[in-house]
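Welcome! Have the sequence and the 3D view open, and try each exercise before you read its solution.

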There are 4 protein chains.
Amino acid sequence: MRRPQGPISPTRLESFSDSVIAVIITITALEIRPPQGDNLTSLDSGLPLLLAYVMGFVFIGIYWNNHHHLLRTAKRINGSVMWANLHLLFWLSLIPAATVWAGNFPTDKLPAIAFGVVGIMAGIAYYILGQTLIHADKGNKLDMLLGRDTKGIVSQVLYAIGIGAVFISPLLAYGIYILVSVMWLVPDPRLARGEEEPT
Amino acid sequence: MRRPQGPISPTRLESFSDSVIAVIITITALEIRPPQGDNLTSLDSGLPLLLAYVMGFVFIGIYWNNHHHLLRTAKRINGSVMWANLHLLFWLSLIPAATVWAGNFPTDKLPAIAFGVVGIMAGIAYYILGQTLIHADKGNKLDMLLGRDTKGIVSQVLYAIGIGAVFISPLLAYGIYILVSVMWLVPDPRLARGEEEPT
Amino acid sequence: MRRPQGPISPTRLESFSDSVIAVIITITALEIRPPQGDNLTSLDSGLPLLLAYVMGFVFIGIYWNNHHHLLRTAKRINGSVMWANLHLLFWLSLIPAATVWAGNFPTDKLPAIAFGVVGIMAGIAYYILGQTLIHADKGNKLDMLLGRDTKGIVSQVLYAIGIGAVFISPLLAYGIYILVSVMWLVPDPRLARGEEEPT
Amino acid sequence: MRRPQGPISPTRLESFSDSVIAVIITITALEIRPPQGDNLTSLDSGLPLLLAYVMGFVFIGIYWNNHHHLLRTAKRINGSVMWANLHLLFWLSLIPAATVWAGNFPTDKLPAIAFGVVGIMAGIAYYILGQTLIHADKGNKLDMLLGRDTKGIVSQVLYAIGIGAVFISPLLAYGIYILVSVMWLVPDPRLARGEEEPT
């Protein structure tokens, strides 16, 4: 039988995740809309929202990149991986709302805390996804690679510091969140070698 | 001729459904947006909407999972399968609206009834899709698998009870709907074996 | 060289079109949202919008189905096909706006005319796409199949009658538009044989 | 090992970009919605927004086409290509917001400037993407093809002139932007030969 029962294929999980992430990464953009044409005041200029959008876009872009590297080494997945993946997508799907909230109230505390919490929860969800992948596929090379995820731990610590920093200044918190993103933009030598990729 | 006339390929049906479901599962998230930054009151906190979003997200996630298991055993499909699939997607596409409605008016009766009705109709549509798949592809192993769909029947009964429970309390109804989802989150030994999946 | 210059592959055109259609078919659903919970009046019940949504959903579903049958016989495409396809997607992308407009003002003339015009323009765009496909790929079996597109011509005539009927009653016009959809829901023996589909 | 570590595959980058572009190209359409049914005045007719939507749709369509031609010659990509691609998608994702802004305030200066700036930045992002692709894959035929990108340079100059023209008349600026699009709609003999494309 050509299509046996069994878990979702990694390929389809990847392609579904891509579609979800594609919606998440773009849906916010439509909100960046000043209510007026000319004669903008600084309050309705849309600039804070534009900056928040950049922050959210880079955040999702990094997860898309990491998600791909995580899944592409997977050869076997099971139901737990499927739900761990949906769990990660759930937290990522809150980024548009957090972004719009942060962009509309850039100096308020709650939106800044919300963004940090989503950052931490997405990090935890990503870790869980990695663990379920390793569990589903013993002997996966991933095991070795994820052994010492220093960058992931540092990110979580920085998000926690950022949430604390909200009580000094929400803008300081956003600065720390952006620092996390910059850290990830630097290529990771562990997973991204420049080898040729067939297909 | 490499691409003969004939019905839609299962692969393309699957991939189109995935794209539709990806939009459905994420589009609601942008609505979770309190109108203010700090100084939220309980009414405009967005928390009921966030909880409704979780409920809708899990609902769609379960259908995505089940949909995949249903279609992957299919080798032949025809026009009836195509429309039965669109019929299912139609009911799923009402979940975002039902979610936002429920989240904005969590103690009102009509939104709670609407969510239950969509749950029942999606269940019926899923059943019809299964039947058209069996009809399109005699001898499909699916036939055997779907023979006694206890879980599906129990879900329908629980949704009906939930709709009745609205008249006691809408929150009780949501509790019953969530119970249905929890029941599906438990892995189904019939369809999801941990076998290796090539591709 | 494995990936030579040349036109867009039919597969990628198909998959891009699928993604666009997936967004179009679902995006409207979020709009079906009564402003209140209980105590709805007939005006803000959302029911006309729900019915309009069904009409738009079936309209797009039919085009997705036909689009697939048209493209799957294609082996060669060129830049003209690419733009003829985008032209069709453009008209389809106006369906959500036309649907919401019609649903909010079901007894007004302009929305009913708009829906009919989009129906006619989409039909013309589909015809042009068929012609560019035949031109791009001489000897395509499609040529034979499209030779007598009675159904397509009847649809165009009915949409024109529908636009005229708006001046008697917009609801009569919608009735005629729905008749066109019903006509297409009947399986077409020319293109949809129940043959096995490898892949 | 079947799925080695390495960069994102060109196929997946392409398919993710397609999904993002599919959302971008359609999401604006829902905004084209006059607040009333009959009795429209010229101000709330939605016509300027419809025209702006056509302009944005063609803009994105051209990028989708060019993006495909650029990526399909790529056999090797790396992390820089991935981020250069996301950078391009970022600018494209601002088109819906710029379109809605321009359509709502067609005679205001700021929206017209914004559209021009997005046009220039997307052009720069496309150029950077081309350069990173060449760098990632020495000996790529693309190198030769991109050698003299006259059309790209002319576009950038025209967008700059358009931004200047805003101070004469925003409508003149839009005229110049549309001229750029028309220029790209003419088939490019360098990249789009009518050769057969297997799959």
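**Exercise 1.** Find how far confidence drops at residues 192–199 of chain A.

*Solution.* Start with the score: pLDDT is the predictor's confidence in each residue, from 0 to 100. Over residues 192–199 of chain A it stays under 50, and the model has 17 contacts beyond four places in sequence for them. A contact here means two residues whose C-beta atoms, placed from the backbone, lie within 7 Å. Now look at chain A as a whole: its mean pLDDT is 82, with 81% of its residues at 70 or more.

This is a predicted model, where local features need pLDDT of at least 70 and side-chain atom pairs count only at pLDDT 80 or more, while totals for chains, interfaces and linings use all residues. Residues are numbered from 1 along each chain as its sequence is written, and chains are lettered from A and ligands numbered from 1 in the order in which they are written.

**Exercise 2.** Decide whether Leu172(A) is buried, exposed or in between.

*Solution.* First place the residue: Leu172(A) sits in helix α8 (residues 170–185) of chain A, helices being DSSP runs (H or I, at least four residues) numbered from the N terminus. Next count neighbours: 16 other C-beta atoms lie within 10 Å, so Leu172(A) is partly exposed (20 or more would be buried, 12 or fewer exposed, with C-beta atoms placed from the backbone). Finally, compare positions: Leu172(A) and Met121(A) are 51 residues apart in sequence and 20 Å apart in space, C-alpha to C-alpha.

Definitions and conventions
Helices (H or I, at least four residues) and strands (E, at least two) are DSSP runs, numbered from the N terminus.
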